[in-house]
Amino acid sequence: MRRRTSPPPSPLPQRDGVDPVRVRLPGGGDWATVRDHLVQRLAAGDGVIDRMFEAGLFVGADGRPVEGDAVYVPGAFVWFHREPPDEVPVPFPLEIVHRDEHIVVVDKPHFLATTPRGSHIRETALARLRRELELPTLGAAHRLDRLTAGLVLFTVRPTERGAYQTLFRDRRVHKEYEAVAPYDSTLALPTTVRSRILKERGELAAREVAGEVNAVSRVELIEHRGDGLGRYRLLPATGQTHQLRVHMNALGVPILGDPLYPAVAAPAPAGDFRRPLQLLARALEFTDPVTGAEHRFRSGRALGAWTSYAGWAGQ
């Protein structure tokens, strides 16, 4: 089997903790120039690509600006910095739980994305940490949904990132979540939910479908109280998108503050940080693949709907 060669190092530095975009020019097309391909591929609007070429914002592996009429060469690389969107700062701190020469573990707040994506670029955990800790090589070993709070593991050295990512891929990390949801006295707990979850590109919500099981979650009731709420421990054995949210909804106890389950709600206005999703990544436990140390980390956060429902609901 022919091994794919690694791309050359980026000739552009990070900007505000965000890596430049790398584009590999594919084969099989009929583009005459680099400009022709980028206009089609980036779909940035009238004149945007031409203005970026004029400003010298596209560069090649040698760091020199690429001209708009440069001949298209399949397999070549082009780098540029995407103009970041306007972002409302997420007004909650990242708490450092653990830091050594190999990893950084943080307690992420609700509403902060893990890594740059879509409309969330600089206001992400990764970009913030790179700036605040002055660690440009920092990378995420896994992700949490933007709306989910709790523990996230980052790696310091790019050469070691794969080892930590493999832990999550091979399900060798014990993950424990906590959620606040309605209490149903008829629901027999603990229980293990097994289903097939499908998340289609372009769709906000995932859904359960017929077929081979790809999502397994154990659900336990920690406690409940007279106002109709329960506090749950959730133990995912797999890592499908929105898995715990889908499974709690399937049990008839959707997590409080969920804008997608059981029904997709209208998008919240930018800067609306009320009623966060009551889902928390409470614990991470694993054997360090580099040092062999046994790690056990716990989030110090509390779910607002449990500690003060009125405060969480904005009443």
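**Note on charged residues in the predicted model**

1. At a relative accessibility of 7%, Glu178 counts as buried, and this should be read with the reminder that the structure is a predicted model. The label follows from the cut-off, because buried means under 20% relative accessible area.

2. Which residue pairs with Glu178 in a salt bridge? The partner is Arg282, and the closest N and O atoms of the two side chains are 3.1 Å apart. Arg282 is likewise classed as buried, at 9% relative accessibility, so both ends of this salt bridge fall under the 20% cut-off. In general, side chains of opposite charge can pair when their charged atoms come close.

3. The same pair deserves a second look for its place in the chain, since it links distant parts of it. Arg282 belongs to strand S12, which covers residues 279–287, whereas Glu178 belongs to strand S7, covering residues 174–182, and the two residues are 104 residues apart.

4. The structure as a whole holds 21 salt bridges, and two further examples may be set beside the buried pair. Asp227 forms a salt bridge with Arg225, with the closest N and O atoms 2.9 Å apart; here Asp227 is partly exposed at a relative accessible area of 46%, and Arg225 also counts as partly exposed, at 25% relative accessibility. Arg274 forms a salt bridge with Asp272, again with 2.9 Å between the closest N and O atoms, and Arg274 is exposed, its relative accessible area being 64%.

5. Salt bridges also link a group of residues into a network, whose members are Glu176, Arg218, Glu220 and Arg233.

6. Where on the surface do positive charges gather? A patch of positive charge is formed by Arg117, Arg143, Lys199 and Arg201. Within this group, Arg143 sits in the loop that runs between strand S5 (139–140) and strand S6 (149–155), and it counts as exposed because its relative accessibility of 53% is over the 50% cut-off.

7. A last point concerns Ala210, which lies in the loop between strand S9 (207–209) and strand S10 (215–224). Is Ala210 buried or exposed? Ala210 is exposed, with a relative accessible area of 76%. Ala210 and Arg196 are 14 residues apart in sequence, while their C-alpha atoms are 6.5 Å apart in space.

Definitions and conventions:
Residues numbered from 1 in each chain as written. Predicted model: local features only at pLDDT ≥ 70, side-chain atom pairs only at ≥ 80, totals over all residues. Heavy atoms only, no water. Salt bridge = Lys/Arg side-chain N within 4 Å of Asp/Glu carboxyl O. Helix = DSSP H or I, 4+ residues; strand = E, 2+ residues; numbered from the N terminus. Buried < 20%, exposed > 50% of the residue type's maximum accessible area, 1.4 Å probe, protein only. Patch = residues over 30% accessible without salt bridge, like charges linked within 9 Å, V, L, I, M, F, W, Y side chains within 5 Å. Areas by Shrake-Rupley, 256 points an atom, 1.4 Å probe, with all protein chains shown as cover. Lys, Arg positive; Asp, Glu negative; His and termini not counted. Charge placed at Lys NZ, Arg CZ, Asp CG, Glu CD.
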